[in-house]
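Student: I have a new structure to go through and could use some company. Can we take it piece by piece?

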Amino acid sequence: MIGGKSVRFGSDKGLFKFRGKSLIDYQLETLSRFKYDIFLVANSKHQVQDYIDSIDIAKVMGFIIDDDDFVPDRENRLPLIGLYSAFKELKNLEYDKALVLPCDTPLVKYEVIDFLITQCKKFDCCIPKWKDNLLEPLIAIYTTKTAYETSLRNIKQNKYKLTEIISEDWKTNYISIEQDIKKIDPNLLSFKNINKLEDIKILNAILNKIQ
């Protein structure tokens with residue numbers, strides 16, 4: 001997911017250079033270790049061109065652009081529009097499931113992704129959950145057909161909260177972040193997201209401390 005406006009950050013987060021690499025390159029290097037196709041979900045053809053001009057796209061199967069049929073305001077890019085657009089396209093391409101990642105979590109660990117994949121085999125959705133019951137809908141695995149249907153219905157009803165994609169009749173596997181994921185990612189770097197430039201400094205300090 002690269003299509004956010006990055007208003008608080010000030011520039012396209014995915015292309016921001018951190019320790020010599022763009023944030024999206026960190027994820028592409030991790031994801032390319034798997035034998036799965038990688039798609040970047042963008043907000044426009046212009047953004048797609050920016051990425052083509054800026055990164056090595058050899059690891060990318062293709063780009064998906066936000067479906068404008070349901071964009072209420074092009075200046076306010078809603079994450080649900082990006083998810084809906086991705087689920088719609090991947091369903092049409094006959095992909096059964098999709099791992100969703102936001103481009104602003106550059107240090108998501110291979111082991112965490114691998115664990116989620118192993119835990120999603122018999123479920124409609126596999127999603128990390130904090131002990132206070134908060135969910136991570138942008139670091140999760142969804143069945144494309146059911147996620148497309150619920151995201152479409154929610155958009156039509158003007159319900160844009162991401163966690164409302166998960167229908168009550170789904171078979172959902174909630175993965176404890178503190179009990180399960182922390183065992184393989186002790187510093188929970190997979191969930192350190194970049195919202196503001198100050199977060200880059202914080203992330204850098206964390207890496208300096210654990211290295």
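**Salt bridges, cores and loops**

Tutor: Let's begin with Lys21, which is partly exposed, having a relative accessible area of 26%. Keep in mind that this is a predicted model.

Student: OK, what does Lys21 form a salt bridge with?

Tutor: Its partner is Glu29, and the closest N and O atoms of the pair are 2.9 Å apart.

Student: And is Glu29 buried or exposed?

Tutor: Neither: Glu29 is partly exposed, because its relative accessible area is 37%, and that category covers values between 20% and 50%.

Student: How many salt bridges are there in the whole structure?

Tutor: A search of the whole structure gives 6. One of them joins the side chains of Glu111 and Lys109, at 4.0 Å from N to O. Another links Lys159 with Glu164, at 3.9 Å from N to O.

Student: What is the relative accessibility of Glu111?

Tutor: Glu111 has 37%, so it counts as partly exposed. Its partner Lys109 is partly exposed too, with a relative accessible area of 28%.

Student: And the other pair, what about Lys159?

Tutor: Lys159 has a relative accessible area of 34%, so it is partly exposed. Glu164 is at 36% relative accessibility and counts as partly exposed as well.

Student: Switching topic. How many residues does the largest nonpolar core have?

Tutor: That core has 28 residues. Those with the most contacts inside it are Ile2, Ile24, Leu28, Leu40, Ile113, Leu116 and Ile181.

Student: Which helices and strands supply at least two residues of this core?

Tutor: Helix 1 (23-31), strand 3 (39-42), helix 2 (45-54), helix 4 (110-119) and helix 6 (177-184) each do.

Student: Which helix gives the most?

Tutor: Helix 4 does, with 4 residues.

Student: Why would such residues sit together at all?

Tutor: As a general tendency, nonpolar side chains in soluble globular proteins are buried together.

Student: Back to Leu40, what is it in contact with?

Tutor: Setting aside neighbours within four places in sequence, Leu40 is in contact with Ile2, Ile24, Leu28, Tyr51, Ile55, Val60, Gly62, Phe63 and Ile64.

Tutor: Another core, of 26 residues, lies apart from the largest one, and Val41, Leu78, Leu80 and Leu90 are among its members.

Student: New topic, loops. Where does Ser44 lie?

Tutor: Ser44 is in the loop between strand 3 and helix 2. At 15% relative accessibility, Ser44 counts as buried, because the cut-off for that is under 20%.

Student: Which side chain does Ser44 join in a polar contact?

Tutor: That of Asn43, with a polar contact of 3.0 Å between the two side chains.

Student: And the backbone? What is phi of Arg19 near?

Tutor: Phi of Arg19 is near 55 degrees, which is positive although the residue is not glycine.

Student: Why bother to mention that?

Tutor: Most residues other than glycine have a negative phi.

Student: Where does Arg19 lie?

Tutor: Arg19 is in the loop between strand 1 (17-18) and strand 2 (21-22). At 36% relative accessibility, Arg19 is partly exposed.

Student: What about phi of Leu188?

Tutor: Leu188 has a positive phi too, near 50 degrees. Leu188 lies in the loop between helix 6 and helix 7 (197-210).

Student: Is Leu188 buried or exposed?

Tutor: Leu188 is buried, because its relative accessible area is 12%.

Key
Residues are numbered from 1 along each chain as its sequence is written. This is a predicted model: local features need pLDDT of at least 70, side-chain atom pairs count only at pLDDT 80 or more; totals for chains, interfaces and linings use all residues. Side-chain values use heavy atoms; hydrogens and water are left out. A nonpolar core is a set of buried Ala, Val, Leu, Ile, Met, Phe, Trp, Tyr and Cys residues joined through side-chain atoms within 4.5 Å. Buried means under 20% relative accessible area, exposed over 50%, partly exposed in between (1.4 Å probe, protein chains only). Contact means heavy atoms within 4.5 Å. A polar contact is a pair of N or O atoms within 3.5 Å; within protein, one must be able to donate a hydrogen and the other to accept it, and residues adjacent in sequence count only if both atoms are side-chain atoms.
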